[in-house]
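Welcome, and thank you for opening the viewer. Please load the model, colour it by secondary structure, and follow along one selection at a time.

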Amino acid sequence: MSPLLWIILAIIVLIVAIYITAYNGLQRAKVYTEESWSQIDVQLKRRNDLIPNLVETVKGYAKHESETLEKVVQLRNQLTETPAGDHEETLKVSNQITDSLKTIFALSENYPDLKANQNFLSLQEELTNTENKIAYSRQLYNSSAAQYDQKLLTFPSNIVAKIHHFTKVDYLETPKEEKEAPKVKF
């Protein structure tokens, strides 16, 4: 074989190796992004499992707060019925649940017996820990999405991404109302 043929063969092998590496990198980033979303889903399920216990505990102390409790249950049910692939709706309902839970925790200030109830305190701690895990999972998802999207934009993986129709994923964003500073009156 001539030296020119060896050079051409080496170039072809190099191009194939780069192509395979780029493709596998894209697939890994995509899978990691999907796994990051599933971590959010796991934490949302954990929170949903704790909500009925919290509602039952609060019910006995705050009978006239039933509207707040019913809203939490309704939102929980709505979240469980949201299609698995509808990330936007899932996060919207999840944010509403978070706000409702804050309201329930604030109720304990008006009910000293509830505030002292060990079951309520335990549930409140579990839900607070779960909310922290949800926040961490959202950060992990955004980091994963950034790495994946970066691969879609950088050479040579952007060429491979176009050939195989890889698409960009959206970041999770903080709802507009949560970005606003609370209004304080003096």
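Is the crossing of α1 and α5 left-handed or right-handed? Keep that in mind while you get your bearings; the answer comes at the second stop. One thing to know before we start: this is a predicted model.

**Stop 1: the whole chain**

Select everything and zoom out. You should find seven helices and zero strands. Walking along the sequence, the pattern reads α-α-α-α-α-α-α. The radius of gyration is 24 Å, well over the 16 Å that the globule rule gives for 186 residues, so the protein is more spread out than a compact globule. Turn the model around and you can relate this to its spans: the C-alpha trace covers about 90 × 35 × 25 Å along its principal axes.

Now try colouring by accessible area. Of the 186 residues, 34% are buried. If your viewer can draw contacts, look at those with a separation of 6 or more: residues 24 or more positions apart account for 74% of them.

**Stop 2: α1 beside α5**

Select residues 3-59, which form helix α1, and then residues 118-153, which form α5. The axes of these two helices are 8 Å apart, and the helices pack at an angle of about 165°. Because angles over 145 degrees count as roughly antiparallel, that angle makes α1 roughly antiparallel to α5. Here is the answer to the opening question: the crossing of α1 and α5 is left-handed. Colour the contact by residue class and you will find 18 nonpolar, 11 polar and eight charged residues.

While α1 is still selected, pick out Asp41, which sits in this helix. Is Asp41 buried, partly exposed or exposed? Its relative accessible area is 40%, so Asp41 is partly exposed. Draw a distance from its C-alpha atom to that of Tyr171: the separation is 15 Å, although their positions lie 130 residues apart along the chain.

**Stop 3: α1 beside α2**

Keep α1 and add residues 66-81, helix α2. Here the axes come within 10 Å and cross at roughly 160°, which means that α1 is roughly antiparallel to α2. In this pairing, α1 passes α2 in a left-handed crossing.

Show side chains to see who takes part. From α1, the contact uses Leu44, Arg47, Asn48, Ile51, Pro52, Val55, Val58 and Lys59. From α2, the partners are Leu69, Val72, Val73, Arg76, Leu79 and Thr80. Sorted by class, the contact of α1 with α2 has nine nonpolar, two polar and three charged residues.

**Stop 4: α3 beside α5**

Next, select residues 87-107, helix α3, and bring α5 back into view. How far apart are the axes of α3 and α5? They are 12 Å apart, with a packing angle of about 150°. That angle makes α3 roughly antiparallel to α5, and α3 passes α5 in a left-handed crossing.

On the α3 side, look for Leu91, Ser94, Asn95, Thr98, Leu101, Ile104 and Phe105. On the α5 side, look for Phe120, Gln124, Leu127, Thr128, Glu131 and Arg138. By class, this contact of α3 with α5 has six nonpolar, five polar and two charged residues.

**Stop 5: the loop after α5**

Follow the chain out of α5 and select Pro156, in the loop between α5 and α6 (157-163). Which form does the peptide bond from Phe155 to Pro156 take? That bond is cis, with omega near 5°.

**Stop 6: the loop between α6 and α7**

Continue to His165, in the loop between α6 and α7 (176-179). The phi angle of His165 is near 60°, a positive value in a residue other than glycine. With a relative accessible area of 66%, His165 is exposed.

Finish at Leu172, which also lies in the loop between α6 and α7. Leu172 is buried, with a relative accessible area of 14%. What does Leu172 touch, leaving aside residues up to four places away in sequence? The list is Trp37, Ile40, Leu91, Arg138, Tyr141 and Asn142. As a last step, draw the C-alpha to C-alpha distance from Leu172 to Leu91: the two are 8.4 Å apart in space and 81 residues apart in sequence.

Conventions: Residues are numbered from 1 along each chain as its sequence is written. This is a predicted model: local features need pLDDT of at least 70, side-chain atom pairs count only at pLDDT 80 or more; totals for chains, interfaces and linings use all residues. Side-chain values use heavy atoms; hydrogens and water are left out. Helices (H or I, at least four residues) and strands (E, at least two) are DSSP runs, numbered from the N terminus. Buried means under 20% relative accessible area, exposed over 50%, partly exposed in between (1.4 Å probe, protein chains only). Axes are lines fitted to C-alpha atoms, for helices over the stretch in contact, and angles run from 0 to 180 degrees between N-to-C directions. Angles under 35 degrees count as roughly parallel, over 145 as roughly antiparallel, 65 to 115 as roughly perpendicular and the rest as oblique. A crossing is left-handed if the near helix is turned anticlockwise from the far one by less than a right angle, and right-handed if clockwise. Contact means heavy atoms within 4.5 Å. Ala, Val, Leu, Ile, Met, Phe, Trp, Tyr, Cys and Pro count as nonpolar, Asp, Glu, Lys and Arg as charged, and the others, Gly among them, as polar. The radius of gyration is taken over C-alpha atoms; the globule rule is 2.2 Å times the number of residues to the power 0.38.
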